[in-house]
Amino acid sequence: MLVFEADRSQPGTHALVIGVSRYPHLPGGDGAPATNHFGLTQLGSAARSAHHFAEWLIHEARLPVPLGSCRVMLAPSPEEAQAPEIQARSGGCSASDFLEEANDWIADASRSPEESTIFYFVGQKLHSPGSEDLLLFEDFGAPRGPVFKGGVSFMNIFQGMGSNASLSSQVQHFFIDGSRHSVDESMGGFLRGTTDVFDVRPSQVDRRAGGTFHAAVPGGQAYAHVDGVSLFLETLLKGLRGGAAVRPRDGRGWAVTAGSLATWLGSESRAESERFGVALQYELSIRGDATVCTLDKPPSVPVSITLEPPEAMMEAWLKVVSDDGTSVHAARFDGPSMDFDLPAGVYEFEIVPHWNWQRLRKLAVVSSPGLRQVFTVRAQEATP
Amino acid sequence: MFQWLHEHAASLPAPLGVCELLLSPSVLEPDAAGVAQRATMENFELAANTWREAARSHRDNIALFYFAGHGLIRNTTEKAQVLLLEEFGSKPHKILSSGVEMANVVNGMASLSELDPMARMQLYFIDACRSFPDTLTAYQEQQGSTIWDIPAVDPKVPYKDDRLAPVIYTAEPGATAFGVEGTGSVFGEALLASLDGGAGRYDEASQQWTVSLASLTQALPEQLAITNRKYDTQQMVRFSDIGPDALLRTLDQAPLVEVTITVEPVVSRPLTGVSVANADDVSVIEVAAPFPEMHRDHIAAGNYRVTAQGVKKYLTAQPPATPWRLQVQADG
């Protein structure tokens with residue numbers, strides 16, 4: 001379903017966003033049961049997650065090439081369908097429906113090398129160690145035809161999106177959300193009978209830039225908040241909204257690049273694993289360091305300053321000055337560390353301690369990606 | 001790479017253990033002749049198995065694989081690269097017999113369960129072409145050689161490959177890798193320059209300059225661009241399977257950064273001088289008026305106070321190279 005379309009006379013970013021929660025042929029579904037369901041069941045947050053990602057693209061994202069079109073395919077669960085905005089965008093999500101949408105998408109993307117693409121899929125997936133990922137659509141498990149007819153190989157999508165002269169030099173980003181359930185070797189190393197959506201030309205040199213971001217490693221599990229969105233999407237959006245922002249080399253503005261986003265997601269997967277008591281591991285690949293989006297202002301960064309040794313903190317003051325000479329923070333230490341927020345940038349930190357200790361000055365970059373930015377400053381005793 | 005590892009062993013996050021080296025030098029590489037066993041299929045199998053056994057001795061080990069030579073892809077799937085060993089082409093009836101399936105190498109290093117002591121950090125550097133020869137289209141199916149069997153997934157044991165095992169390719173699919181006669185490969189030069197400091201970043205937690213996987217992914221494309229300009233080549237780089245950040249090495253000091261300073265608008269340059277001071281207010285660059293079209297310098301990576309026409313800015317010199325564009329008042 002085409003939900004956004006801009007002026008077609010200019011190059012654009014073309015997005016295809018898919019969220020499949022409802023699988024009629026898997027346990028819990030209302031269709032004829034699959035002869036082999038591989039342990040897969042209904043999902044509760046895929047359609048909601050995809051909807052939120054599409055909303056970010058349409059209403060918030062500052063893309064290097066403005067959004068040209070956005071296609072959304074949602075197969076919501078009964079609970080997700082109670083939200084009118086999700087129900088309004090729900091429709092057929094079979095592999096053949098995807099074939100139609102994908103071919104419209106690739107037609108838009110093929111107009112010129114200056115177009116760009118974004119692909120986001122969340123739903124059930126299968127992974128064979130001898131092959132690659134199979135994205136499962138709503139009709140997976142239907143009793144007629146090959147077992148994997150309702151699945152599309154991600155490699156077919158990825159390679160197909162580089163299969164002509166225009167596509168093969170573009171910036172393209174792929175986000176693959178959801179678990180990567182392993183298929184045991186009784187099914188063979190390659191998953192046959194899948195639905196291909198594109199032809200692939202093997203001799204085309206692939207000069208694409210961008211990133212491919214998986215929410216799990218092969219055999220790994222992805223997670224979601226109950227009645228919420230997936231953890232991967234939550235982290236992804238936090239990164240795109242500033243958590244993964246870096247200063248481009250030309251020093252102008254702030255941007256999220258494929259590399260900085262990969263770093264952000266990698267760091268956050270560790271933090272989230274501890275926070276939620278699960279084993280999260282994302283699989284991230286980048287080609288060059290293409291910009292994903294830009295920010296209209298520096299992101300806010302939580303900063304923590306710790307002064308050592310503890311006795312130096314007594315009556316010590318911290319002053320933070322930006323490069324235009326503006327004092328942005330001034331306070332006295334009243335504990336082991338001082339926490340506050342700053343817009344990302346370069347600052348001068350001056351610590352004015354008790355007369356027993358030397359005054360300290362430090363220039364430091366306050367920047368994303370990352371969590372709280374922690375600075376530990378070691379004071380030295382003043383010479384008599 | 002072998003020499004670099006030995007010279008910088010003390011800066012690595014884990015002591016250098018087993019280091020298997022195979023070389024098949026050409027007549028243009030006399031200094032590499034006789035240094036190591038030749039890179040034949042038989043020697044490669046032996047060396048790889050020794051390396052794998054060592055990697056499997058403790059999950060905190062770090063395994064590193066570096067291949068430089070000819071390579072090709074036999075289809076367009078991401079990991080269908082074949083690495084060509086010395087005797088490639090010796091068997092006309094099985095043309096890929098002395099080509100090793102790269103996927104087999106990587107897959108054979110997987111951890112198969114939580115209890116598997118296989119090294120959980122692995123680095124793969126593939127400095128080889130990924131061209132797709134037309135010759136291969138004449139065959140129904142082509143497979144390179146494998147060097148080990150991949151165990152089947154045991155359905156009773158939860159399978160999860162939880163390695164951090166990035167693969168860094170020097171060529172995009174369908175493209176070639178470039179070498180410079182008498183020097184080495186373009187990618188190899190950029191990689192070593194990055195490890196020597198071009199990918200250096202200051203780690204606040206340890207208060208050290210380090211090179212990490214994250215800093216390498218961000219700096220290596222830039223370093224490669226510098227090397228490409230030097231040799232007029234178009235080498236790209238692809239990173240696959242990146243995960244959380246991981247330390248690659250520590251640096252003794254802040255690396256040097258090439259800084260280029262320009263002043264805008266042009267009309268302001270006759271009256272503009274620029275001074276750059278470090279955090280201790282020690283001057284490191286002084287350029288008196290009139291400011292030239294561009295000033296190039298090398299300073300230690302870090303943060304600086306840059307003053308032009310009385311206007312001060314805090315700027316960062318970040319490896320491998322940083323452009324500083326200063327906007328001043330047109331009327332000086």
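## A tour of the two-chain sheet and its helices

Begin by selecting the open sheet of this predicted model, in which 11 strands follow the order E1(A)-E3(A)-E2(A)-E4(A)-E8(A)-E10(A)-E13(A)-E11(B)-E6(B)-E5(B)-E1(B), with mixed pairing. Colour next the two strands at its edges, E1 (2-5) of chain A and E1 (62-69) of chain B: each has a single partner strand, so one side of each is left without a neighbour in the sheet. As you look along the sheet, note that neighbouring strands are turned against each other by 5° on average, direction ignored.

Stay at the chain B edge and select E5 (residues 121-128) of chain B, which runs parallel to E1(B) and is joined to it by 8 bridges. Within this pair, display Leu64(B) together with Leu123(B), its bridge partner in E5(B).

Now add the helices that pack on these strands. In chain B, helix H4 (residues 186-198) lies across E1, E5 and E6 (167-169), and runs at about 145° to E5(B). In chain A, select helix H3 (residues 95-109), which packs on the sheet by touching E2 (13-20), E3 (67-75), E4 (116-122) and E8 (171-177) of that chain, its direction making about 165° with that of E2(A).

Finally, turn to a helix pair formed between the chains: H6 (residues 258-276) of chain A and H5 (residues 213-231) of chain B, whose axes are 9 Å apart and which pack at an angle of about 170°; the two helices are therefore roughly antiparallel. Show as sticks Gly259(A), Ser260(A) and Thr263(A) from H6(A), which meet Ala214(B), Thr217(B) and Gln218(B) from H5(B). The residues of this contact divide into 1 nonpolar, 5 polar and no charged.

Note on methods:
Residues are numbered from 1 along each chain as its sequence is written. Chains are lettered from A and ligands numbered from 1 in the order in which they are written. This is a predicted model: local features need pLDDT of at least 70, side-chain atom pairs count only at pLDDT 80 or more; totals for chains, interfaces and linings use all residues. Side-chain values use heavy atoms; hydrogens and water are left out. Axes are lines fitted to C-alpha atoms, for helices over the stretch in contact, and angles run from 0 to 180 degrees between N-to-C directions. Helices (H or I, at least four residues) and strands (E, at least two) are DSSP runs, numbered from the N terminus. Angles under 35 degrees count as roughly parallel, over 145 as roughly antiparallel, 65 to 115 as roughly perpendicular and the rest as oblique. Contact means heavy atoms within 4.5 Å. Ala, Val, Leu, Ile, Met, Phe, Trp, Tyr, Cys and Pro count as nonpolar, Asp, Glu, Lys and Arg as charged, and the others, Gly among them, as polar. Two strands pair if DSSP finds at least two bridges between them.
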